[in-house]
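Here are my notes on this chain, in numbered points. Keep the structure open while you read, and find each residue as it comes up.

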Amino acid sequence: MIANVLTAVVALIHLYIVYLEMLAWDTPAGRKAFGTTPEFSAASKTLAMNQGLYNGFLVAGLVWGLWLGDAGFAVKVFFLGCVIVAGLFGAATVGIKILYIQALPAALALAALLLGV
């Protein structure tokens, strides 16, 4: 139960990231979330939408795993692992904040899943 709740939280975090990257990137809220300037956000809007689409695939995979119930164990492990890798890469290349926003929640969900809680 705890693993499913944490997995759902990770999916919701990424759903919000999808919103920020695909719809709100070039708005004050999007610029605040990512620390960008109006010029940068305007110039990179298409790239951010592409990035948001990939985050949407993570959401879809996590929701799919939850929907499958116990049969979705491997699906959840795979997509939580993808989130962890993406979060580690983002923390190393963009900023440490990504480690706490993406990788840590996914690692907690994965640990709970593997421990069966």
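**Notes on the chain**

1. Start with Pro 28. Pro 28 is exposed, with a relative accessible area of 60%. The cut-off for that word is over 50%, so Pro 28 qualifies. Bear in mind that this is a predicted model. Pro 28 lies in helix H2, which covers residues 28–34. Now look for Thr 46. Thr 46 and Pro 28 are 18 residues apart in sequence. In space, their C-alpha atoms are 17 Å apart.

2. Next, the overall build. How many helices and how many strands does the chain have? The count is six helices and zero strands. Read along the sequence, the pattern is α-α-α-α-α-α.

3. Check the dimensions. The C-alpha trace spans about 45 × 25 × 20 Å along its principal axes. The radius of gyration of the chain is 15 Å. A compact globule with 117 residues would have a value near 13 Å, so the two agree.

4. Consider what is inside and what is outside. Of the 117 residues in the chain, 37% are buried. The accessible surface comes to about 6900 Å². Carbon and sulfur atoms account for 76% of that surface.

5. Then the contacts. Take those with a sequence separation of 6 or more. Residues 24 or more positions apart account for 56% of them.

6. A word on charge. The chain has 5 positive and 4 negative charges. The mean positions of the two groups are 5 Å apart.

7. Now the aromatic rings. A pair of aromatic rings is described by the distance of the centres and the angle of the planes. How many aromatic pairs does a search of the whole structure find? The search finds four. One of them joins Trp 25 and Phe 34. Their ring centres are 4.9 Å apart, and the planes meet at 45°. That angle falls between 30 and 60 degrees, so the pair counts as tilted. Are the two partners buried or exposed? Trp 25 is buried, at 9% relative accessible area. Phe 34 is partly exposed, at 31%.

8. Another aromatic pair is formed by Tyr 54 and Phe 57. Here the centres are 6.2 Å apart, with 80° between the planes. An angle over 60 degrees makes a pair edge-to-face, so that is the label here. Where do these two residues sit? Both are in helix H4, residues 45–67. They are three residues apart, which means about one helical turn separates them. Tyr 54 counts as exposed, at 52% relative accessibility. Phe 57 is partly exposed, at 47%.

9. Stay in helix H4 and find Asn 55. Is Asn 55 buried or exposed? Asn 55 counts as buried, at 10% relative accessibility. The cut-off for buried is under 20%, so the label follows. Set aside residues up to four places away in sequence. Asn 55 then touches His 14, Ile 17, Val 18, Glu 21 and Gln 102.

10. Leu 66 is also worth finding. Leu 66 belongs to helix H4. Its relative accessible area is 26%, so Leu 66 is partly exposed. Which residues does Leu 66 touch, not counting those up to four places away in sequence? They are Asn 4, Thr 7, Ala 8 and Lys 76. Look again at Lys 76. The C-alpha atoms of Leu 66 and Lys 76 are separated by 7.3 Å. Along the chain, these two are 10 residues apart.

11. Move to helix H3, residues 38–43, where Ala 42 is found. Ala 42 counts as partly exposed, at 45% relative accessibility. Compare its place with that of Asp 26. The two are 16 residues apart in sequence. In space they are 5.8 Å apart, C-alpha to C-alpha.

12. Finish with Val 5, in helix H1, residues 2–22. Val 5 is partly exposed, with a relative accessible area of 45%. Val 5 and Phe 79 are 74 residues apart in sequence. From C-alpha to C-alpha, Val 5 and Phe 79 are 15 Å apart in space.

Methods. Residues numbered from 1 in each chain as written. Predicted model: local features only at pLDDT ≥ 70, side-chain atom pairs only at ≥ 80, totals over all residues. Heavy atoms only, no water. Phe/Tyr/Trp six-rings, centres within 6.5 Å; stacked < 30°, edge-to-face > 60°. Buried < 20%, exposed > 50% of the residue type's maximum accessible area, 1.4 Å probe, protein only. Helix = DSSP H or I, 4+ residues; strand = E, 2+ residues; numbered from the N terminus. Contact = heavy atoms within 4.5 Å. Rg over C-alpha atoms; globule rule 2.2 N^0.38 Å. Areas by Shrake-Rupley, 256 points an atom, 1.4 Å probe, with all protein chains shown as cover. Lys, Arg positive; Asp, Glu negative; His and termini not counted. Charge placed at Lys NZ, Arg CZ, Asp CG, Glu CD.
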